[in-house]
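Welcome! Please take a look at the sequence and the structure below, and then read on for a guided tour.

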Amino acid sequence: MIQSKDRKDRDTTFREPLFRSPFYDFFAAKESEGHWYNWNGYKSPTILSDEELEYFSIRSTCSVFDITPLNKYRIVGPQAEEFLNKLTVRNVTKQNVATVKYTLWCDQEGFVIDDGTLFRISDNDFRLCSQEKHLPWLIDTSYGFDVEIIDETKHICGISLQGPTAASILRQLGVNGIDNLKPFHLFQTKISNMPIMISRTGFTGDLGYEIFMKNNVANKFVERVWKAGSNHGLTAIGYNALNMARIEAGFIVANIDFISSDHAIRQNRCRRPDDLGLGWLVDLNKGFFNGKKAILNSKLEDSSAFKIYALEIDGKEPVEGSIIYYNKKDEVGTVTSAIWSPMTKKSIALAQLKLGSSKSNMENLWIEIYSLKELQYYKLMKKVSIVKPPFINLARRSACPPANY
Amino acid sequence: MKSYDVIVIGAGHNGLIVASKLAASGRRVLLLEAGETYGGMARSEVLFEGFQAPELASNAIGISKDVVQDLGLSKYELLFNEDGLKTVGLSIENENVIFGRNFGETIEGLREDEFKRWKELREKFFNQSQLFQRLASQIPVGRNYKTFGSKANLFLTAAKLRLQGKEQFQELLRMITMCIADLVEEELETSSLKGLISFDSTLGIKLGPRSPTSYLGLLYKLSQMKASYQEKSLSIHGGVTSFINALFKSAEENGVDFVFKGKVSSLIITDSVVTGVKLENGVEYSAKTIVSSISPVSTFLDLVGPQNLETDLTRRIQALRYSGNTTKLNIILEELPKLHSSQNLDANYRYVYAPSLEMVESNFNSLKYNELPSDPNFEMYFSKISSGSSLNGAVMASICIQNTPYSVKGGWKNSKEVLMNKVISTIQKYAPEIKKGILFKSLLLPHETEKKYFVAGGHWHHSELQIDSLYSLRPAFDVSDYSTPIDGLFICGAGTHPGGNLFGLSGLNAAKKILQESIK
C-alpha cells in the first residue's frame with residue numbers, strides 16, 4: 001500500500017498537465033466566456049468575460065490579474081549586490097532598498113537574454129521577476145559569489161491591481177502607507193495577519209500595484225480585495241486586456257517583440273539593449289558585467305541591426321504581423337505587436353525595423369495590410385509614422401499621493 | 001612594484017618556451033613558479049638518498065622539432081636514443097611482441113601475414129595522423145572566426161588531405177570517430193599486439209578501447225611522433241631532464257628573470273584589462289602581458305575569478321573534465337631484474353603490460369565506477385643510475401599505471417598499498433626476483449600530483465584530450481587562440497591546443513600569437 005504522504009509527494013503533472021495558481025478558483029469563478037492558455041506551465045486566462053470590458057476596467061476602474069506564473073527568483077546573501085551587478089546591465093549599487101527597477105541581462109555577445117523587474121527587499125535580499133525561466137543561468141552566474149538563489153515561483157503568488165481606483169481599493173482594504181508609496185517603490189505590511197509585499201508597479205502604464213504573498217493566504221486575501229473593490233468597479237481580467245494596455249504603454253515582451261538570445265536559433269535574431277531602445281539602462285561606468293565588452297564594441301560598429309520602433313498607422317485595419325516597406329518597395333521589417341488603441345483612437349504598433357542610421361529613412365514608410373472583407377482580401381498600403389513611446393502618458397500613473405476615486 | 005614587459009606563470013616546459021621565446025624578442029620577462037624549481041611535471045625530484053630523477057615524466061613520446069629548432073636547443077646537450085624506442089608488449093602466454101621503433105616499423109613475434117596487414121594498417125594510421133600534425137602548429141580558429149585569415153590554414157589542411165584522393169579521404173572520415181578496438185579487431189589477431197595498441201591509444205585519457213573516438217588518442221600520439229625526431233626519441237636515461245635543462249638554459253641566456261616559490265594568488269584586473277599579478281606572499285609585479293601556463297581551470301576560476309568572467313566562459317571552463325586518471329609508480333632496484341625466461345631485460349626498451357584489449361576495456365570500466373582496476377595495465381621504463389651517487393649501478397623503474405580513478409570508492413588510504421602490490425606482483429610474473437632487489441618505492445596518485453605539482457585534478461593534459469576538447473574547442477571556444485577576454489592575458493599550458501606530453505607546441509604557438517598581437 002502506498003502511504004498517503006507518498007501519494008501527496010508524487011508527481012501528478014501527468015493528470016493535470018498545467019499547474020493551477022492558488023488564485024485559480026477565484027478567477028475560474030469569474031469566468032463566463034472563458035479562454036485559457038498556457039503561461040509558463042500555468043493555466044491562465046486570456047479572456048474571462050469580455051476582452052474590451054476587461055481592458056476598460058484597467059483604464060477607468062480597476063482590474064485584478066493573476067501574475068503568479070511570472071518566474072520569481074529570490075537572491076539572498078552577502079554578495080547579492082555584486083552578483084546582480086555582474087548579471088544585469090544596470091548599476092545595482094545605485095538601487096535603494098524598497099525600490100523596484102526594470103532591468104535586463106545579456107550574454108557574452110551583449111545580446112539580451114531577457115528583461116525583468118528587480119525588487120530590492122533589503123540590502124542583501126532581492127527578488128527578480130522575469131517572463132522566461134533562467135535558473136541555470138542565474139546559478140552558473142553565481143559561481144564564485146556568496147549568494148543563494150531560490151526559485152520561489154511555486155511558493156509565492158501574486159496579483160496585479162491596475163487602474164485609477166486601485167489605490168482606493170487598497171485604502172478600503174486597510175493598507176496603510178499607500179499615499180506615500182511612489183512609483184517603483186515597495187513596502188511590506190500585514191492585512192489581518194496576512195503578510196504581503198506591495199509595490200507600485202505594473203505592466204499597463206496606469207496607476208497600479210503588484211502584491212506578492214505566500215500561497216497559503218492567497219484565497220483569503222483575494223476575496224478580501226474583491227470585497228473591497230465591489231464599489232470601485234473591480235474586474236477580473238485575462239491576458240488579452242493586459243496586452244492591449246501594455247502596447248499602449250510601449251512595453252516590450254521577450255519572445256514576442258524580440259527573441260531572447262538563449263531561444264534564438266538564427267544568430268541574426270539576437271538583439272542588444274540599444275536595438276530594443278533600452279540602451280539607457282546599461283551602465284558602462286560600473287565594473288565588469290556580462291556582455292559589457294561586446295556592448296562597448298558594438299558602439300564602435302556602424303549599426304545596421306534591427307531596432308524596435310513605436311509606430312502609428314493610418315486607418316483602422318488590424319496590422320498584426322504586417323510587413324513594412326520603405327518607399328512602398330524595399331522591405332524594412334515587420335510588426336511584432338499591434339492594436340487599435342482605444343485611448344489614442346489610433347492604430348498603433350511595435351515593430352522591428354532595419355533602417356540604418358540615416359534620418360531620411362525614417363520617413364516614407366508604408367505598411368502592407370491584407371484586409372479580409374467577406375472572403376476577399378484587399379491589399380492596402382498605409383502610411384506609417386515613427387513616434388516616441390509610450391503611446392499614452394497618464395498623470396495618475398505617477399501622481400503621489402494617488403487621487404481617491 | 002617591480003615592472004616587466006611579460007610575466008609568465010608556471011615554469012613547466014610550455015612556460016619556459018614562452019618565456020624564452022618572448023625574452024629573445026627583446027622583452028623583459030619574469031617567470032613565476034610555485035614550486036622550488038623549474039620543469040613543472042617534468043621536473044626532477046630527489047627520490048632516494050640524494051638520487052634525482054623526474055618523478056612523473058619518464059619519457060616523452062615526442063618533443064616537437066619546431067621547438068628545438070626555434071629555440072636553438074640543439075646547442076645544449078639533448079640526450080637522444082638514436083635507435084628510437086622499442087616496446088615490448090608483454091603477453092600472458094609469454095608470447096611477447098617486440099614493437100620496433102617508430103610505432104612498429106618492425107615487429108618481432110608476429111606471423112608474416114598478420115604483419116603484412118599490420119603494415120597496411122600502420123600506414124593508414126600514420127597517413128591520417130597528418131591531420132593533427134598539420135593542425136598542431138596552427139593557431140586555432142577562435143574568437144576571430146569571422147575573418148577569412150583565421151580559417152585559411154584550416155581550409156588548406158582540409159584541401160591537402162582531400163588531394164590525397166577520394167578513397168583515402170573517405171577512409172579518414174570513416175575512421176576518425178571510431179573506437180580503436182574495432183579498427184584493430186578488423187585486421188589483427190595477436191592478443192598482446194591488440195592490447196598494446198589499445199593501451200597506447202587510451203593512456204592518459206578517460207576512454208576505453210571500445211569507447212567511440214578512442215582512435216583519436218592514437219592519431220594524436222602518432223602525429224606527435226611524426227612532428228618530433230622520428231628516428232630517435234628522448235633517451236630514457238636523462239632525456240627528459242636534458243630537455244628541461246636546455247629550456248631553462250635557453251631562457252636564462254635570453255635574460256628571463258626567475259622567481260621560485262612564487263605562487264600567484266590572483267591577477268590584478270581592472271575593467272577586463274590585466275595589469276599585474278599578486279603572489280600569495282603579498283608581493284606584486286606589474287606587466288602588460290601575462291601568460292599563464294597553468295591549467296585553464298586554475299587560470300580562469302582561481303586567478304581571474306568569476307567576477308571578471310562572462311557566465312558563458314565560466315560555464316565552459318567549469319564543464320572541463322580534468323580529473324587525472326594515471327598514477328605514477330617509481331621503484332629503485334639494486335640491479336636490472338632478470339626475466340624468468342632467462343632472457344635479460346633491456347634497459348632501452350619500454351615494457352607495456354596490456355596482454356589483451358579486453359583487459360584494457362575492463363580496467364576502464366573500473367575507472368568509470370571509481371573502482372581500482374582489477375589487473376592494472378601499465379607501461380614501464382628502466383633507467384640505470386650512473387651519476388656518481390651511492391646508488392651507482394642501481395636501476396630505476398618508472399611505471400605509469402593506467403585507469404586509476406582520481407577518487408576511489410572507500411578512499412585511497414587503504415587502496416594505495418593494494419594498487420602498488422598489484423602492479424609489483426604483475427611484474428613478478430615476468431621477473432620473479434624483483435621483490436628482493438627493491439630499495440625504494442613510491443606511488444604518486446592523481447590527487448597527490450595535484451597537490452605536489454599544482455595541477456588542477458592532477459591531469460597530465462590539464463583537461464581531457466578528447467574530440468570535444470581539441471583545436472578550436474581547447475580549452476573552450478572563446479579562448480582557443482591563446483588570447484582571452486581579459487586584455488593582456490594569454491594562456492599557453494597543456495590545456496590549450498595542441499597540448500599533450502612534452503610536445504611544447506602550445507607554448508610555441510602562444511608565443512607566436514603574442515608576438516603577432518603586439519606587432520599590430
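## A tour of the two chains

In chain B, the centres of domain 1 and domain 2, taken over C-alpha atoms, are separated by 29 Å. Keep in mind as you look around that this is a predicted model. For the complex, the predictor gives an ipTM of 0.86 and a pTM of 0.90.

**Chain B and its domains**

The domain assignment of chain B gives domain 1 (2-42 + 238-321 + 458-519), domain 2 (105-227) and domain 3 (327-403 + 405-444). Where domain 1 of chain B meets domain 2 of chain B, 23 residues of domain 1 are in contact with 18 residues of domain 2. On the domain 1 side of that contact, the residues divide into nine nonpolar, eight polar and six charged.

Chain B has an average pLDDT of 90, and 97% of its residues score at least 70. Confidence in this chain is highest in strand β2 (residues 29-32) of chain B, at a mean of 97, and lowest in strand β9 (residues 233-234) of chain B, at 73.

The largest nonpolar core has 141 residues, and the members that touch the most others are Ile7(B), Val8(B), Ala19(B), Val29(B) and Val291(B). Helix α9 (residues 214-227) of chain B gives the most to this core, with eight residues. What does Val29(B) touch, not counting residues up to four places away in sequence? Its partners are Tyr4(B), Asp5(B), Val6(B), Val8(B), Ala19(B), Leu22(B), Ala23(B), Val256(B) and Asp257(B). A second, separate core has 105 residues, including Phe23(A), Tyr24(A), Ile47(A) and Phe251(A).

**Chain A as a whole**

Chain A has 10 helices and 19 strands. Its radius of gyration is 22 Å, close to the 22 Å that the globule rule gives for 405 residues, so chain A is as compact as a globular protein of that length. Along the principal axes, the C-alpha atoms of chain A fill a box of roughly 65 × 55 × 55 Å. Of the 405 residues of chain A, 43% count as buried. Among its contacts between residues at least 6 apart in sequence, 67% join residues at least 24 apart.

The domain assignment here gives domain 1 (18-70 + 154-249) and domain 2 (306-390) of chain A. The C-alpha centres of these two domains of chain A lie 32 Å apart. Their contact takes seven residues from domain 1 of chain A and eight residues from domain 2 of chain A. On the domain 1 side, α3 (51-60) and α8 (239-249) of chain A are the elements that give two or more residues. Helix α8(A) provides the largest share of that side, four residues.

**A closer look at chain A**

Helix α6 (residues 166-173) of chain A has the buried residues Ala166(A), Ala167(A), Ser168(A), Ile169(A) and Leu170(A). Their cover includes β3 (62-66), β9 (156-162), β12 (208-214), α7 (218-228) and β13 (234-236) of chain A. Just after α6(A), Gly174(A) takes a positive phi of about 95 degrees.

Further along is Leu186(A), in strand β10 (residues 186-191) of chain A. Why does Leu186(A) count as buried? The reason is that Leu186(A) has 22 C-beta neighbours inside 10 Å, and the cut-off for being buried is 20 or more. Leaving aside neighbours within four places in sequence, Leu186(A) is in contact with Ala98(A), Thr99(A), Val100(A), Phe119(A), Met197(A), Ile198(A) and Ser199(A).

**Backbone details**

Most residues other than glycine have a negative phi, and most peptide bonds are trans. The table lists some exceptions.

| Item | Backbone feature | Place |
|---|---|---|
| Phe184(A) | positive phi, near 65 degrees | loop between α6 and β10 of chain A |
| Lys345(A) | positive phi, about 55 degrees | loop between β16 (330-341) and β17 (346-353) of chain A |
| Arg474(B) to Pro475(B) | cis, omega near -10 degrees | Pro475(B): loop between α15 (446-453) and β19 (489-491) of chain B |
| His497(B) to Pro498(B) | cis, omega about -10 degrees | Pro498(B): loop between β19 and α16 (505-519) of chain B |

Phe184(A) is partly exposed, with 17 other C-beta atoms within 10 Å, whereas Lys345(A) is exposed, with 8.

**Where the chains meet**

Finally, 14 residues of chain B are in contact with 13 residues of chain A. On the chain B side, these residues divide into three nonpolar, seven polar and four charged.

Note on methods. Residues are numbered from 1 along each chain as its sequence is written. Chains are lettered from A and ligands numbered from 1 in the order in which they are written. This is a predicted model: local features need pLDDT of at least 70, side-chain atom pairs count only at pLDDT 80 or more; totals for chains, interfaces and linings use all residues. A residue is buried if 20 or more other C-beta atoms lie within 10 Å of its own, exposed if 12 or fewer, and partly exposed in between; C-beta atoms are placed from the backbone. Two residues are in contact if their C-beta atoms, placed from the backbone, lie within 7 Å. Ala, Val, Leu, Ile, Met, Phe, Trp, Tyr, Cys and Pro count as nonpolar, Asp, Glu, Lys and Arg as charged, and the others, Gly among them, as polar. The radius of gyration is taken over C-alpha atoms; the globule rule is 2.2 Å times the number of residues to the power 0.38. pLDDT is the predictor's confidence in each residue, from 0 to 100. A nonpolar core is a set of buried Ala, Val, Leu, Ile, Met, Phe, Trp, Tyr and Cys residues joined through C-beta atoms within 7 Å. Domain bounds come from an automatic or database domain assignment.
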